[in-house]
Amino acid sequence: MRILLIEDDQHVADFIIKGLSENNHVVDHRSDGKEGLFLATTESYDVMIVDRMLPNVDGLTIIRTLRASNIATPVLILSALADVEQRVEGLKNGADDYLVKPFAFSELLARVQILGKRQYAETNTTQLVMADLVIDLLAHNVTRSGQEIELLATEYRLLEYLMRHAEQVVSRTMLFEHVWDYNFDPQTNVIDVHMSRLRKKIDKPFNSALIHTIRGTGYVIRPPEKINS
Amino acid sequence: MLFARLKKSTHNSTLKLVFLYLTLFLISSIVLLSFIYWSTVSYIFKQLDHHIEYDNQSLQSLYKTEGQAPLLNAINERLGQYSYDSIYLLYDDRNNILAGNLSKIPAELNNGWNILKLEGLTDDIKRQSHFARVMVTHISDNLTLINGLDIESAHKQEHMILNSLLTGIAIVLLLGAIGGFIISITTIKKINIINQSIHNIREGDLSVRIPSKGTDDDYDLLSDNINLMLDQIERLMTGIKNISNNIAHDLRTPLTRLRTHLETIQSDAGNHEIKGIAGAISETDNLLSTFNALLRINNFESGSQKGNFTTINSNTLLKDILSFYEPVADVKDIHIKLDADKNIQFMGDRDMLFQAVANLLDNAIKYSPNNKNITLGSKLLSSENSKFIEITVSDNGTGIADCEKPKVFDLFYRSEKHRDHNGNGLGLSLVNSIVTLHKGTISLEDNKPGTIARIHLPV
């Protein structure tokens, strides 16, 4: 993916550029708001990562300007401003996601990858399919190898979220935010318990596992052959 | 009300001081006035004695130089000229009265000073009850002279002086009591203001200051000094908070970098090392989450995070929390019962309240033995002028010792019993700061066995 990073803290910027490059993304970096905005309006990117407090033009103004000129590129705000109100303010101004500094790089990577995919994935599908696992979004019904699996409402939402972001690592915080719709770092292993219940139903009765734990980050759902390769 | 307060403050030192002062004042006035009384009265009587003695000597010398006849004349002349108060009697050795205004010779007379009761000695009816001070002198072998004064008027003066002095004492006592009462009331009022302010400060509002009247009196000085002390305490407290805040804040970034480095190493590591690195990552996560919780508590307490208040449906909130924790409870065969009959709407920050109640439920599950039930409840309570929602989390777990109850909300406090459990000792502090931010209260009660945590939030 082609990513624009507007961040004035050189330390943080180096750290992000290094990480994203290692994951095969191309990063353009500007540390000045005005220059960043110029690049954002003239070049085409898959995702933009924008700091809120920037020299010359602040992050929120950049996003508002982009949205006003019909540039719909997903934007992730990266900011030390951590209050709920500030997060809401950021999202209201047109940002797609908000990550509070300091952050774990894996969290940033997961969020950026999901933002990049979102552009193409937002089509009206009625079915989500992963190998022999099928979710019927209309009937709210899950089958694997043709066998129906009974899921509780929470488990269904967890699985749906994982499937919508198939082959992408999602963090526990992301799951908590999207499945339970509460915005804070839950800091408990409760989500792991939910996941293990889900895996008991989805993976355990079958030969191959689809859901995998990524240590220190979160979870991913991917087809079985990919593990072997 | 003021009287009630005064009555309540009989043990109050101001009132004691006023009583002591009043008693001392009374004693010293009595001593002073008694002295005045005594010296005035003795002066009056001394004057009388002087007069009588002088008169006696002049009559004696008249007799010695000029003989009996001029003495008689002089006595008669004095009786005619002088007032009614004078007493004279001259008689011979055969008890013949030669001159004077007494009708009889008094019995039992000593030579020199005497007090005579005039009853039966005078023809004047009015003077029957009077006393007289007289001097008895044998001016020659056969003549005895009695001269003196009726002391009735002196007695009257004495009474008058005594009366006015007693009235004086009564007035002094009354004024002293009124003054003392006023002093007590004003002092008690001023001290009560100071006490009330300090009470509010102790309740946790460190920004309260004692009002100063601007009169520059002792109480103003005391208030000013207490206020200065509070300023300093507040500064120190903020300083300490800032330090812990800054440490937490500044350590988060290097910790996050450390975590990223560990992640990088992990991706290249062999199976052998992976477990150790994962352990290191999870320790880093624990540290980060402790710092995050600390910062969050600080943000809530300092008011820098005000919360995103929206209308909350109690049933939705409780059901969300319940469904979040149900699998965790299932692992321990714990059943969580929802005890909420009707939905209550109130204003609050749903993320924060989820966190607060979830923390309580998390503790309840953590400290409950297997197979025990936990109840998550809500109900609407109303007092005289306010309505509030009560959210309860009750368990039958190990409970909290009474002596630990006040401490469990302190930062980093961990019960001795639960040292072996995971946790950073910030959970209940966080709950408390969230509840306080919502202008609510939290209490922990004994559930015999176990604990009931009650959160009260205004509706």
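Helices (H or I, at least four residues) and strands (E, at least two) are DSSP runs, numbered from the N terminus. This is a predicted model, where local features need pLDDT of at least 70, side-chain atom pairs count only at pLDDT 80 or more, and totals for chains, interfaces and linings use all residues. Residues are numbered from 1 along each chain as its sequence is written, while chains are lettered from A and ligands numbered from 1 in the order in which they are written.

**Exercise 1. Find where B:Val136 sits and work out how exposed it is.**

Step 1: Look for its element. B:Val136 belongs to strand β4 of chain B, residues 131-138.

Step 2: Count neighbours. A residue is buried if 20 or more other C-beta atoms lie within 10 Å of its own, exposed if 12 or fewer, and partly exposed in between, with C-beta atoms placed from the backbone. B:Val136 has 19 C-beta neighbours inside 10 Å, so it counts as partly exposed.

Step 3: List its partners. Two residues are in contact if their C-beta atoms, placed from the backbone, lie within 7 Å. Setting aside neighbours within four places in sequence, the contacts of B:Val136 include B:Leu109, B:Gly112, B:Thr144 and B:Ile146.

**Exercise 2. Lay out the five-stranded sheet that holds β4(B).**

Step 1: Write the order. This open sheet runs β2-β1-β5-β4-β3 in chain B, with antiparallel pairing. Strands pair if DSSP finds at least two bridges between them.

Step 2: Spot the edges. They are β2 (97-100) and β3 (112-117) of chain B, each pairing on one side only. From one strand to the next, the twist averages 20°.

Step 3: Zoom in on one pair. β1 (residues 86-92) of chain B and β2(B) are antiparallel over three bridges, and B:Tyr91 stands opposite B:Ile97 in β2(B).

Step 4: Add the helices. Here axes are lines fitted to C-alpha atoms, for helices over the stretch in contact, and angles run from 0 to 180 degrees between N-to-C directions. α2(B) lies across β4 and β5 (143-150) of chain B, at about 150° to β5(B). Helix α3 (residues 68-81) of chain B packs on the sheet too, touching β1 and β2 of chain B, and makes about 155° with β1(B).

**Exercise 3. Check the span of α2(B) against its residue count.**

Step 1: Work out what to expect. The rule is 1.5 Å times one less than the number of residues.

Step 2: Compare. Helix α2 of chain B (residues 13-66) has 54 residues and should span 80 Å; its end C-alpha atoms are 78 Å apart, which agrees.

Step 3: Look along the helix and just past it. Buried residues in α2(B) include B:Leu15, B:Ile52 and B:Tyr63. Right after α2(B) comes B:Gly67, with a positive phi of about 100°.

**Exercise 4. Find out how covered α9(B) is and what it packs against.**

Step 1: Count. Helix α9 of chain B (residues 427-437) has ten of its eleven residues buried. Among them are B:Leu428, B:Val431 and B:Ile434.

Step 2: Name the partners. The buried residues of α9(B) pack against α6 (271-302), α8, β11 (441-446) and β12 (451-458) of chain B.

Step 3: See what follows. After α9(B) comes B:Lys439, with a positive phi near 60°.
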